[in-house]
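Subject: Structure for you to look at

Hi,

Here is the structure I promised to pass on, and my notes follow below it. Please have it open while you read.

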Amino acid sequence: MKKLLLTAMLLCAGAGIFAQSKLNPTARFMIHQSKMFPSRNSGEVRVSALVKLNNGEDISAIRQDGVEILSSRGQFAVISLPLDKAEAISANPAVKAMSFGQEVQPVMDKARPASFVNKLQQGTSNGFSQNYRGDGILLGMMDQGLDPNHINFYNKEKTENRIIALSTITGTNSVRADYTTPEQILKFGTENASSTHATHVAGIMGGSFNSEGRVAYISGDHALVSTTRKVPYYGVAPEALMYPCVGSLYNENIILAANIFAEKAKALGKPGVFNLSLGYVPGPHDGTDLINEALAEVGKDVIICVAAGNDGTTPLSLQNNFATTPEVKTILTSSDSDGSTWDGEVDTWSDNSNQFSMAFAMIDKSSGEIIAKVDIPYNIPEGEVFYLSNDNKDGATHNTTFAASFSTNSYLYATSEVNSNNNRFNLNILFKLTANSSSKVVPALIYTGSGNTKINSYASGMTFTDYLNGSPVSGFTAGNPYQSINNIACGKNIIVVGAYMSRVSWPVLSSQVMAYTSYTEDQIGEIAPFTSYGNLPDGKTLPEICAPGLGVISSYSNYYVESQDKRDNDLAADATTTVNTSDGTARNNPYGCEAGTSMATPYVSGTIALLLEADPTLKVDDVRNLLTATAISQNQTGTVATQWGAGKLNADDAMRKLLGMTSEIGNIDADTNRRFAVSFYPGGVQAIVAGEKSVTARLYSLAGALVASASGAGDSVNISTESLPKGVYVLTVITPEGVKVSKNLLINAN
């Protein structure tokens, strides 16, 4: 996920003895950079910080001249303070920990039927006493790229905006602006014309427009365009009210937004659902980051949904047990296509307080031979950083190979500590390296340790590999996606969401059919491979549940479409309206297709709004139990099972369980699971679904390639496996009703 951006952050440093630091690594890097490169007005620069107080301390303990309390909840507060007071505030005995500067990345016509949301929206036609559409619920988010006057956010009559207020929170100093009247919102425009993420996410969660527009649709093998069709891409909770926050995605801004939203929901007396389709991988992955703990506090009052992340196929994590492997080496991939830049972060945690060593190595990019290395200290004093660079600043470490290989503005920062929140040793490096034109090296890392100490290392902005020039390098270890789960998703009192494929092709207004070339129609309903996953220290696996997230069409920001020069081959629909402009002129309301757990998460957020409409007293654990207990299990093992969590969201069964009604949908799939069996015979397998009139069976490789298929009348079908190599395959059976059930099989083991 998104690398840290230091170019615009001028912050502070300090000295001291090696100890548990109260400041997070990003803050320490920024502090150091400010001291190394001071500006004349550094005393006037303000930053915002997330602060955790010690038990029994009151926020008044850190009130002083220049410090502003932006919001507080329990032990946590978001404060604004002058740059030159950051160290003094962190040293206050009332402060347990303090962080700032970590930035994250913003990570329905087919989707609604896929998880049976349509059955709730049309409730009276499906045995419910009412139609559930989110009435009386407040939806919120922290995101970027919002077009609040898109017609998708207006009420059914298209007379009033259901966005009742919005806030922008920008910069590292959390500059806040509130827009609280219809007139202010109507004149707002957007806070970021280069993004449409917030507009798309909000449309999935609570879009409502279902009137005529210019709509592309598929007829046979072709796409046609109609100007009289209803736009089918409305959201899950189309009658809910909304209070979005948008702006700069720093941790402290996210918590400030969550607090603002929770306070608004309380003031209105409405249940609230807060969506976070964003995140980053670095962090302890144990729920002890300040953002995890602060979100857990807010999660006591509103339901929070967090995206699992989109790194499920990315080798950005690395694990090692020093008891069995005292040294492990890995190569860092470049951040650009030409292999000349390495720009990002590597965050490494032990499972205890035991220290380990790390060296930054420079290896020959042809042979993999180590040319030079620089040891990174593991006992860096509190408030200080290790600084490797080519400049002549005091405290900078120099290396002749580094100087010859990388440009003069290249650098590497490092901090280390035994973290005060979890008593685990952490070594964090941040670097920006640009190779000289004559450079023959690539960067690598060497970890060394002893005893029964395990480490997890996480990369941002690049990955770990054991390959150079397309060939493996002896002695080096590749990364993996096993701990690719979003660090923000690792805390308590949240719902963590993965994605599955609900659409692989879609029509656009240029009368073409667009498609994700990596996937086929047969894979609709399968896990989206990019879904991040991982394990918490207590063994819990994440994500918890999956929802439609690949091929979801929703509202686009009109400002984004104009600034990025999007054309008809980028859009699935648009509508022209006048009620949502300040001067009564016409404007476009475009719709486009996106993929990611960012799309699946608001789908779950909207579904939770429907459940809260039925029972406003539900808390996060109640919601989690409803969703996971009624999820459609995929009956799989291994990595795929970890990505699925409890399985596919089943909104219909979740509502029926809440209301004490008999399931109409889930029992079909549960029964199919019970009736599904596999029998092996020489050269093949037989798939059986007892009692079915016909069965279709498909066999996939773990990479997702279809390797064999068969269909037949009766309740069983045979698939030949004679030509297949030994390995694990996924067998999927499909009933005439369209129910899919899968199992992993070991083929040709003997």
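S174 sits in the loop that links β6 (166-170) to β7 (175-179). This is a predicted model, and in it the phi of S174 is near 55 degrees, a positive value in a residue other than glycine. With a relative accessibility of 5%, S174 counts as buried.

N423 is another residue to look up. Its phi is near 60 degrees, again positive in a residue that is not glycine. N423 belongs to the loop between β20 (411-418) and β21 (425-434). Is N423 buried, exposed or partly exposed? It is partly exposed, as its relative accessible area is 42%.

There is also a cis peptide bond, between L542 and P543, with omega at about 5 degrees. P543 is found in the loop that runs from β31 (541-542) to β32 (545-555). I noted these backbone features because most residues other than glycine have a negative phi, and most peptide bonds are trans.

The cis bond leads on to V496, a residue of strand β27 (residues 495-501). Leaving aside residues up to four places away in sequence, V496 touches both L542 and P543, along with E544 and I545. The other contacts of V496 are V306, A308, I485 and A489. V496 counts as buried, at 2% relative accessibility. For a sense of distance, V496 and I376 are 120 residues apart along the chain, and their C-alpha atoms are separated by 35 Å.

Now the cysteines. A disulfide is a covalent bond between the sulfur atoms of two cysteines. How many disulfides does a search of the whole structure find? It finds zero. Take C305: the closest cysteine sulfur to its own is that of C546, and at 13 Å this is too far for a bond. Seen from C546, the closest cysteine sulfur is the one in C305, also too far for a bond at 13 Å. C305 counts as buried, with 0% relative accessibility, and C546 is buried too, its relative accessible area being 0%.

On to the helices. Helix α12 (residues 620-630) packs against helix α14 (residues 651-659) at an angle of about 125 degrees, and the two axes are 8 Å apart. The two helices, α12 and α14, are therefore oblique to each other. The crossing in which α12 passes α14 is right-handed. On the α12 side the contact is made by L626, L627, A629 and T630, which meet D653, A654, K657 and L658 of α14. Which residues of α14 are buried? They are A651, D652, D653, A654, M655 and R656. After α14 comes G660, with a positive phi near 75 degrees.

Further along, please look at two open sheets. One has three strands, in the order β35-β36-β39, and its pairing is antiparallel. β35 (676-681) and β39 (716-720) are the edge strands; each has a single partner strand, so one side of each is left without a neighbour in the sheet. From one strand to the next, the twist averages 20 degrees. Six bridges hold the antiparallel pair of β35 and strand β36 (residues 684-689). If you want a register point there, A677 has I688 in β36 as its bridge partner.

The other open sheet has four strands, in the order β38-β37-β40-β41, and is antiparallel in its pairing. Here the edges are β38 (706-713) and β41 (740-747), each of which pairs on one side only. Neighbouring strands in this sheet are turned against each other by 20 degrees on average, direction ignored. Strand β40 (residues 727-734) and β41 run antiparallel and are joined by eight bridges. For the register of this pair, T732 stands opposite S742 in β41.

If you have time for just a few views, I would start with the cis bond between L542 and P543, then go to the crossing of α12 and α14, and finish on the sheet β38-β37-β40-β41. Do write back with any questions.

Best wishes

Note on methods:
Residues are numbered from 1 along each chain as its sequence is written. This is a predicted model: local features need pLDDT of at least 70, side-chain atom pairs count only at pLDDT 80 or more; totals for chains, interfaces and linings use all residues. Side-chain values use heavy atoms; hydrogens and water are left out. Two strands pair if DSSP finds at least two bridges between them. Axes are lines fitted to C-alpha atoms, for helices over the stretch in contact, and angles run from 0 to 180 degrees between N-to-C directions. A disulfide is a pair of cysteine sulfur atoms within 2.5 Å. Buried means under 20% relative accessible area, exposed over 50%, partly exposed in between (1.4 Å probe, protein chains only). Angles under 35 degrees count as roughly parallel, over 145 as roughly antiparallel, 65 to 115 as roughly perpendicular and the rest as oblique. A crossing is left-handed if the near helix is turned anticlockwise from the far one by less than a right angle, and right-handed if clockwise. Contact means heavy atoms within 4.5 Å.
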